[in-house]
Amino acid sequence: MRAPLKRKLFRQFLLPAGLLTVAAMASLAVFFPGTGAGASGHADASQVSTNAKAVLKACGSVNTKGVSPIPNTGNPFTSTNLICHSGGLISYGNDSITYANPPASYVAAGRQLFAQTCSSCHGNEANGVGPGGQATIGPNLQGVGAATVDFWVSSGRMPATDVKAVEAERKPSRLTPKQALELAAFVNSLDPAVPAVPYPHLQGANQSVGASLFSLNCAACHTITGAGDALAFGTNAPSLQNRAVTPQQVAEAIRIGPANMPRFSGNLSDAQVRDIVSYVTGRLQHPTNPGGFGLGGVGPVAEGFVALLIGVGGLALVCFWIGERS
Amino acid sequence: MSDAADHQPSRTRVPIPVAALSDPHMGDAARHPKRVENIIAVVFVVAMIFFGLAGAAYWQNWNVWTFGGALGGGLFALGFGLTAWGKYLMPQGPFVEERHVLASAPDERDSMSAALVERTAVVVRRRKVLGGLFAAGAGIFGIVAAFPLIRSLGPVPGDELDVNQWKAGSVLVDSNGRPVRRDTLVIGGIMTVYPRSQMRVEDGQVTFTDQGLATDQTVLVRVSNEPFTTVPGRENWTPDGYVAYSKVCTHLGCPVGLYEQDLELLVCPCHQSMFNVRNGAVPQFGPAPRPLPQLPLGYNDQGYLIATASYDQPLGPGFFERTTT
C-alpha cells in the first residue's frame, strides 16, 4: 500500500510541482533579462579650433557674457564649427549641438510681433524702458540671446497671462514656433548675444550618461522621475514628463537658466547637454513603468497612499468576506 | 509488557463523534446550492480564459497591462471560486471533535515510574555532564553578547567626525575629476565639487590620486563677478563671486542640491531648509539648526580654483561630542 501511494504522490504532486518551478524560473529569466548594455565610456573631446580674433571680424560684436569660454560649452568662439556671414553670427557648435540664430529676414516680422505682444511690458526697444522713460513691468531683454527669447515664447510662458504671478507657468503657446523665432531674431538684432537657439543631434547621444548627469545636476529640483517639485517662496521646478517639452527647449533651459533655474555653462559640455536632452525626451517622457502604474512618479507618499488604501483596504475587505459566517 | 499491550487499543476504542449533517448546529451553506455551483463553475471558466489571455499576452509580447491584468484577473477568479466553494457549498460548523481519554492505563503509569526510579542514579550523573556543558555554552554566548555593550563604553569616536579631505590647496574638481577654472561657471551657475589635493599631469592628462569622502561634497555657486563678504571675518573667501558651501545639510545630512539663482537660495530637498548663499548660508527657513559650513576659495598657479584652507568646522548634522557651534 505504501509504495504505490508514494509513486502516486510523486506522479501527481511532486513531479508537476517540480516542473512548474522550473517553468516559473524560466519565465522569470525571460521577464527580467540581465541588463547587458551598461554605461560606456563617454569621451569629452573638447578642443579649441578657431581663432577668436579672426572670426570676431566676420561675426561682428557678439555679447558672450552668458556663456563660458571653455571649449564646446555653448561659446561660439571656442566651438568646433563657426559660421559667420557679413558681420552676423549664423551658427556654431559641434557634432553634439548646433546653435543657430534665426535668419536675419525674420527681424522685420519680429519687430511687428514684438510691438503687438511684448512691448507693453518690455518697452518698444525691449530694453525695459517705457515710453515715458519709466521702468516697465518686464525686464530688459537686450543681450539675452536668441535661445532665451525662443524658450520663454515657445514654452508658452510669454506672453504672460498674469504679470504679477511669482512665476510664469508653462502653457500652450499663443504663438507658432516660427513666430517665436521671429521674436528671437528681432530681440537679438538689438544687441547680438549668445546662446543662439540650440538644435541637439540626438542620434549619437548616450542616454546612460545622460541619466547619471541628470541625477547629479537636475534631479535635485525636478526629482529623479522628472515629475517636478515645489521650491521656495511659491516657485516650482516644472514637470519634465510633459511630452510637449521639446529637445530644443530642454537644451535651451540648461544653457540659459530661465528664472530660478541655474545656468549650466562651462561645467556641462555640449555632448553632455545632448546626453541629458536625450535622456529627458527619450526616457523620462516615456517611462516604461514595469509595475504598470507610474502614479505620476511623485514619490513614496502617493505610492504609500495607494498601497494602504487600495492594497491593504482591498485585502481587508476580502478577509472580511472570507471570515464572515454565511 | 503484555499488560501494556492489552491497554494499547484503548486509544482507538473511544469513538470520535463527528457532527452529522442533521445536526441542528449545522446551518444551510447555501439556499440554492445548484445556483452557487453554476456561479463558481462560471468563475473557474473565466479564470481559464484569463490565464489563456495572459499566456497569449506573454507569447505575443502585448503590453504589461494586458498581461498583468489577465494574470491578476485569473488568480482572483480562482481564489474567488475556491473561497465561494468553501463558504457556500461545504457544510458549515460549528463542529465539535471530542478528545479521547488522555490518561494512560494505571499499570502503564506504574511501570513508567518504576523505570524512572530504577535508572535514577545513572540519569542524574549524565545530567551533570550535560548541564555543565550547557552552562559553558550559554556562558560563552553571554560573554560574546556583552562585547558590543563593552565596546560602546569604550574609546569615544574622537575627532573622526571633525575631519574631511579638504586641505589648504585642494583643487576643486567635478565628478569626472575635471578641475574648475576661473571661467567655468557664469553668474547663476552651480556645480558639485570634490577635493583633489594630489594632482598629477601626464601628457596633458590630469589625474588624481586621493579620493574624497561622501561628506566632502561641496556646492560651488557663482553669484556675481566680484568678490563679496558673506559674513565678517570671511573676507577674500569668494574670488570672482564664486562661493562654496558644504552640500551636507546641517539638519539630517541630505544633499543641499537645489539652487534658485534668482532668489540666491540653496534649498534642502528633504525638509525645505533654505540657505541664502550671499550671507553665509544662514538658515532662512526650515529645521536646519546651523549655517552650512563655507569653504574659503582661491586660485593656484595654474588658474584652477582651490580651497585656501579646510572647513573651519565639522560637516553635516550635529553630534554629541561636537564642540564648535
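I count two residues as in contact if their C-beta atoms, placed from the backbone, lie within 7 Å.

**Ground rules.** This is a predicted model, where local features need pLDDT of at least 70 and side-chain atom pairs count only at pLDDT 80 or more, while totals for chains, interfaces and linings use all residues. Residues are numbered from 1 along each chain as its sequence is written, and chains are lettered from A and ligands numbered from 1 in the order in which they are written.

**Where A meets B.** I looked up the contacts and found 31 residues of chain B touching 26 residues of chain A. On chain B's side, α4 (64-89), β2 (190-196), β7 (258-260) and β8 (265-267) each give at least two residues. Helices here are DSSP runs of H or I with at least four residues, strands are runs of E with at least two, and both are numbered from the N terminus. The largest share, 6 residues, belongs to α4(B). I then sorted chain B's side by type and got 15 nonpolar, 10 polar and 6 charged residues. For that sorting, Ala, Val, Leu, Ile, Met, Phe, Trp, Tyr, Cys and Pro are nonpolar, Asp, Glu, Lys and Arg are charged, and the others, Gly among them, are polar.

**Helix α3 of chain A.** Which residues of α3(A), 107-117, are buried? I noted Val107(A), Gly110(A), Arg111(A) and Phe114(A). They sit on the same side of the helix, because they cover an arc of only 105° around the axis (the arc of the directions from the helix axis to the C-beta atoms). Over on the other side, Gln112(A) and Gln116(A) are exposed. Buried takes 20 or more other C-beta atoms within 10 Å of a residue's own, exposed 12 or fewer, and partly exposed is in between; C-beta atoms are placed from the backbone. The cover over the buried residues includes α4 (119-122) and α6 (177-190) of chain A.

**The sheet in chain A.** I traced 4 strands in an open antiparallel sheet, ordered β1-β2-β3-β4. Strands pair if DSSP finds at least two bridges between them. β1 (81-85) and β4 (197-200) of chain A are at the edges with a single partner strand each, so one side of each has no neighbour in the sheet. In the antiparallel pair β2 (88-93) and β3 (97-100) of chain A, I found 3 bridges. Tyr92(A) has Tyr99(A) as its bridge partner in β3(A).

**Chain B overall.** I logged 5 helices and 13 strands. Of its 325 residues, 25% count as buried.
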